[in-house]
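Here is a short walk through one protein model. Keep the sequence and the coordinates side by side as you read.

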Amino acid sequence: MLRILSVFTLLISSFFFSQAKLNLIPYLQKIEFQTGEFIIPKILLLHPNLPKEETEYFKKRLSSSLKFKNTKKGNSQLLYFQLAKSDSKNKNDEFYSLKISSDKIVIESYTNKGYFLAIQTLIQLFETHKNGKIPSLKIDDQPKFSWRGMHLDVCRHFFTVEEVKKYIDYLAMYKLNTFHWHLTDDQGWRIEIKKYPKLTDIGSKRKESMIGAYVENTFDGKPYGPYFYTQDQIKEVIQYAQDRHITVVPEIEMPGHALAALSAYPELACTTGPFEAATKWGVFDDVFCPKDETFTFLENVLDEVMQLFPSQYIHIGGDECPKTRWKECVHCQGLIKKNNLKDEHGLQSYFIQRIEKYVNLKGRKIIGWDEILEGGLAPNAAVMSWTGIKGGIEAAKTSHFAVMTPGAYCYFDHYQGDPQTEPNAFGGFTPLDKVYSYNPIPAELNAEQAKYILGVQANLWTEYILDFKQVEYMIFPRLFALSEVGWGTSNPENYKKFEDRVVEHFKILDKMNINYAKSIYNINGKVIPRVGGVSYRLSTSQKPEGIRFTADGSIPTANSQTYDVPIPVSQTMTIKSAYFEGGLKSAVSTQEFTTSKTTGKNITLEQQPSENYSFGGAFTLVDGIIGNVKQLGKTWLGFQGKDVVAIIDLDEKTKFSEVYFNTLENIGSWIHLAKSAQVFISDDGIDFKQIKEIGKNEIQSSKGKVKLNVGNQNSKYIKIKIENAGTIPVGNPGADSKAWLFVDEIGAN
């Protein structure tokens, strides 16, 4: 009996051990573990009927550790059977079945695409089972979403054909199936159009480039370009992607982000120019003018694009189109009147719908950023929802397809770790766990509406990405999280298990010499409220006992205090922390605290910040951390077109004579200082009395660091209203759009 129990226990242990060893990304929809294991041979015997291109890919990926030989059916260790499509109920063309027994591996699918996805799973099993044994198992797997995409901007900074191919390889490795190629923008036109050679002769270069943080407004003084892809190179990349079952979706920006095109053909603008490709990042007023010659030009461009790209969708941009020139243009105003359009937003809709009709006549469909909803969505258009999830919701509720790519979760140009220890980035804060937590199906949609969500995509804008190693650094490991979200097997409650698999996949990246961020190894600090103030909680993906910290601003060493409980913050101080394991294993994280009588108190906001800039919620404004002007994502709250109205409960009547807050100005990014501010006090939280008001001039003279002398006060509640600048005035970037208001710590002394 004892022997039987021992054998049973061994089998159970082996079963769970096998499960623990499946370090697969994305994880599988359905898996059954079986007894036995497949011993990886020195030479893998291949059945002769395996799909050729995909099998060659498989052999190449494993060529450094495995040899292959074609053999007869009876001896084969890797076999393939194509399933009848008539049996594919509840399964899509990416479905595959993978069966591994002690003597063979059998793949079944309806298409070569499904076979290729099975190959990716098999490669990972071979790569992550270094003991030479793969457990016997049966997998039935298919993705939840049909659009699993990655975007690459080659306009701000250009990447070679070979680098673009590497990018496509990374998508294929983790079962993404769409490459969104951002080919035109203000800073450069990157695709050869034979009918319009000046697009690349002139538009593919700029006289210099912005460097460093945007607020520093510095330039390198070096000509950039000419950089573009010939049509033969485009064909080469498309074929390379097709061999990996990846669809390439081109983006040709219109009606905005057009300076590079206008530098070559100024007659397409509303004014006479001259124009040049932009040297700064941001949004510019000069856009395509909606006149007949412009549409002829764009139709001719799209003709050549559609001859090159076989994708169903053509991306036409549509985002961030200022209406300044259209407001001043006699032709545009006449067009609005002639077509009974409401305003310039109606003209944007007219522009997009006219382009859509042309693309539809060619048998294709358009997709655009969610601003194409302005003035009414074109009849057959799909929406790429980037400013949040609202655009995707609106599209789905009106029976239009949508791809979800909200900046708060899917912008990989944002910081992924503590901005103090990361390379310069665009802004925002989108760590690995946040990407992994994203659900592309908005809760506001019912089951029928949810069918219009095609899937999910992450975007990599390259203003601050100078070379391909930095591209790799910004997408890895976040691409792992995106992969699992798109496959439909992500579960935020199991994030730690996912993180463990990520660490295992770092070994694969190391072997392939792929650069990646190690931010998950660094110390993560979070401010939490406590009675009488705040505490600073430290965590790491590694063993918590390896954290060392100091509270006097000195650099931590292996002999510094071991972290075990959140560190109380009761005064202005600097906490530095790092992870040690036989030596320093992480960057040193630094956090300065400036405390006041509001620190850690309960705070409520009448209006919530933009999802892109909402890290920490309202508590961010009373956490004792003064924001860094170069790091918008983690220590500031951003509000577009909204006022900040905050009420702080001091717990009891408290004496104070000064109230302060910080706000930002970065006009090129549509961020404006507040128009005014008012301070109120109350003892019951209901009836408030105004005690101070300042206007725009005083806020400007303070350069955003606002300190208000409010006299001697003694109250339980402080209410502060910080007024948004409103609509951006003509003559400024983003004119006629809603201004951003960024606010930081609200304190009282």
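Start with Asn-459, which is buried at a relative accessible area of 0%. This is a predicted model. Asn-459 sits in a loop, with strand 21 (453–458) before the loop and helix 16 (468–475) after it. What does the side chain of Asn-459 make a polar contact with? One partner is the side chain of Thr-405, at 2.8 Å. A polar contact of 2.8 Å also links the side chain of Asn-459 to that of Gln-457. Setting aside residues up to four places away in sequence, Asn-459 touches His-151, Trp-369, Thr-405, Cys-410, Tyr-411, Phe-412 and Asp-413. Thr-405 thus appears both as a polar partner and in the list of touching residues.

Now turn to a second loop residue. Phe-688 lies between strand 32 (676–682) and strand 33 (689–694). Is Phe-688 buried or partly exposed? Phe-688 is partly exposed, because its relative accessible area is 23% and buried means under 20%. Its contacts, leaving out residues up to four places away in sequence, are Ile-647, Phe-680, Ile-681, Ser-682, Tyr-717 and Lys-719. For a sense of scale, take Phe-688 and Asn-360. They are 328 residues apart in sequence, and their C-alpha atoms are 58 Å apart in space.

Next, the cysteines. How many disulfides does the structure hold? The count is 0. Cys-270 is in no disulfide, and its nearest cysteine sulfur, that of Cys-289, is 3.2 Å away. A disulfide needs the two sulfur atoms within 2.5 Å, so this pair does not qualify. Cys-270 is partly exposed, at 22% relative accessibility. Cys-321 is also in no disulfide. For Cys-321, the nearest cysteine sulfur belongs to Cys-270, 9.1 Å away. Cys-321 counts as buried because its relative accessibility is 8%.

Move on to the strands. Strands of a sheet pair through backbone hydrogen bonds, in a parallel or an antiparallel way. One open sheet has 3 strands in the order 22-23-26, with antiparallel pairing. Its edges are strand 22 (524–530) and strand 26 (567–569), each of which pairs on one side only. From one strand to the next, the twist averages 30 degrees. Look at the pairing of strand 23 (residues 533–539) with strand 26. It is antiparallel and runs over 3 bridges. Within it, Ser-535 has Pro-568 of strand 26 as its bridge partner.

Strand 29 (residues 602–605) shows two faces. Which residues make up the covered one? They are Ile-603 and Leu-605, while Asn-602 and Thr-604 form the uncovered face. In a regular strand, side chains alternate between the two faces of the sheet. Strand 29 pairs with strand 31 (residues 644–663) in the antiparallel sense, over 4 bridges. Leu-605, on the covered face, stands opposite Ala-646 in strand 31.

Finally, consider confidence. The protein chain averages a pLDDT of 93, and 97% of the residues score at least 70. Where is the pLDDT below 50? Residues 1–20 are such a stretch. Beyond near neighbours in sequence, residues 1–20 have 5 contacts in the model.

Methods:
Residues numbered from 1 in each chain as written. Predicted model: local features only at pLDDT ≥ 70, side-chain atom pairs only at ≥ 80, totals over all residues. Heavy atoms only, no water. Buried < 20%, exposed > 50% of the residue type's maximum accessible area, 1.4 Å probe, protein only. Polar contact = N/O pair within 3.5 Å; in protein donor to acceptor, adjacent residues only side chain to side chain. Contact = heavy atoms within 4.5 Å. pLDDT = per-residue confidence, 0-100. Pairing = 2+ DSSP bridges. Axes fitted to C-alpha atoms, helices over the stretch in contact; angles between N-to-C directions.
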